Amino acid sequence: MSECQLRDATSRDAPSIAAIYNPFITDTVVTFEEQTVSADQMEERLTRLQEQGLPWRVIERDGRVLGYAYAGLWRARAAYRFVAESAIYLSEAARGQGLGTTLYQDLFEQLRARGMRMVMGVIALPHPASVAFHERLGFERQGVFPQVGYKFDRWIDVGYWQLDLTR
C-alpha cells in the first residue's frame, strides 16, 4: 500500500468530496444538512472558501481522495477574523487508520500559517468518537447548546470544542 499525500483540494476533487460527504447527510446527524449536494455545489463551496484565503485540504492515496478537511471563519464580524471553524470527513474505507489525525494536524498547520489563533469544533451530540478524537488533538470542551438541531424527527444537542493554535 502506498503512502498518503496531503494537498490543497481542487475543483477536480468536487465529485469525490461530494461522494464522501453525502452519506453523512443521509445517514447521520454529523451534519445538519438534509439534502445531498452535487459536485457542482461542492465545487462552489470549495472555491468560495479558497477565495477567502482559507484552507481546504484532501488526503489521497494512489490518486483517490480518502477524506478532506477545511476551515471557514467562525463568525463574519471582523473581531472574529482569527478564529476558524473546522470540519473533517473521511470515506468509510479510510476510517480507523490515523488518517483523520494526519489530515487535521495538516489543516491546523495551514491555519497557523494564515495567522489563525483558535479553531472551533462543533459536534452534534452524542458522538463519543468525535469528542474523543477532538480531545486527543487538544480541543477543550467549551459548552453545549441543548436541542438546537432538528433532524430525523428528533432534537439534537450541539457541543463546542476549542483548540488554541498558539500553544
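The following legends describe an overall view and several close-up views of a predicted model.

**Figure 1. Overall fold of the predicted protein model.** The protein contains four helices and seven strands. Read from the N terminus, the order of its elements is β-α-α-β-β-β-α-β-α-β-β. The C-alpha trace extends over about 40 × 40 × 30 Å along the principal axes. The radius of gyration is 15 Å, in agreement with the value near 15 Å expected for a compact globule of 167 residues. Of the 167 residues, 44% are buried. Among contacts with a separation of 6 or more, 62% join residues 24 or more positions apart. The exposed area of the protein is about 9300 Å², of which carbon and sulfur atoms supply 48%.

**Figure 2. The largest nonpolar core.** This core comprises 25 residues, and those with the most contacts inside it are Y104, F108, L111, V119, F139 and L165. Two or more residues each come from strand 3 (64-73), strand 4 (83-90), helix 3 (99-113), strand 5 (118-125), helix 4 (128-136) and strand 7 (154-164). The greatest contribution is that of helix 3, which supplies six residues. Another core lies apart from this one; it has 19 residues, including A14, I25, L46 and V58.

**Figure 3. Surroundings of L165 in the largest nonpolar core.** L165 is one of the residues with the most contacts inside that core. Neighbours within four places in sequence being left aside, L165 is in contact with F108, L111, R112, M116, R117, M118 and V119. Of these partners, F108, L111 and V119 are also listed among the residues with the most contacts inside the core.

**Figure 4. The two sides of helix 2 (residues 39-51).** The 13 residues of helix 2 should span 18 Å at 1.5 Å a residue, and the C-alpha atoms at its ends are indeed 18 Å apart. The buried residues of this helix are M42, L46 and L49. Viewed down the helix axis, the buried residues fall within an arc of 70 degrees and therefore line one face of the helix. In an α-helix, residues three or four places apart point the same way, because there are 3.6 residues a turn. The cover over the buried residues of helix 2 includes helix 1 (14-27), strand 2 (56-61) and strand 3. On the other side of helix 2, D40, E44 and E51 are exposed. Just after the helix, G53 adopts a positive phi of about 80 degrees.

**Figure 5. Environment of Y160 in strand 7.** Y160 has a relative accessible area of 17% and is classed as buried because this value lies under the 20% limit. The C-alpha atoms of Y160 and V122 are 4.8 Å apart in space, although the two residues are 38 residues apart in sequence. When residues up to four places away in sequence are not counted, Y160 touches W74, R75, M120, G121, V122, E140, R141, Q142, G143 and F145.

**Figure 6. F82 in the loop between strand 3 and strand 4.** F82 counts as partly exposed, its relative accessibility being 36%. A distance of 4.4 Å separates the C-alpha atoms of F82 and M116, which are 34 residues apart along the chain. Apart from neighbours within four places in sequence, the contacts of F82 are with G115, M116, R117 and M118. M116, R117 and M118 also appear among the contacts of L165.

Terms used. Residues numbered from 1 in each chain as written. Predicted model: local features only at pLDDT ≥ 70, side-chain atom pairs only at ≥ 80, totals over all residues. Heavy atoms only, no water. Core = buried A, V, L, I, M, F, W, Y, C linked by side-chain atoms within 4.5 Å. Buried < 20%, exposed > 50% of the residue type's maximum accessible area, 1.4 Å probe, protein only. Contact = heavy atoms within 4.5 Å. Expected span 1.5 Å × (residues − 1). Arc of directions from axis to C-beta. Rg over C-alpha atoms; globule rule 2.2 N^0.38 Å. Areas by Shrake-Rupley, 256 points an atom, 1.4 Å probe, with all protein chains shown as cover.
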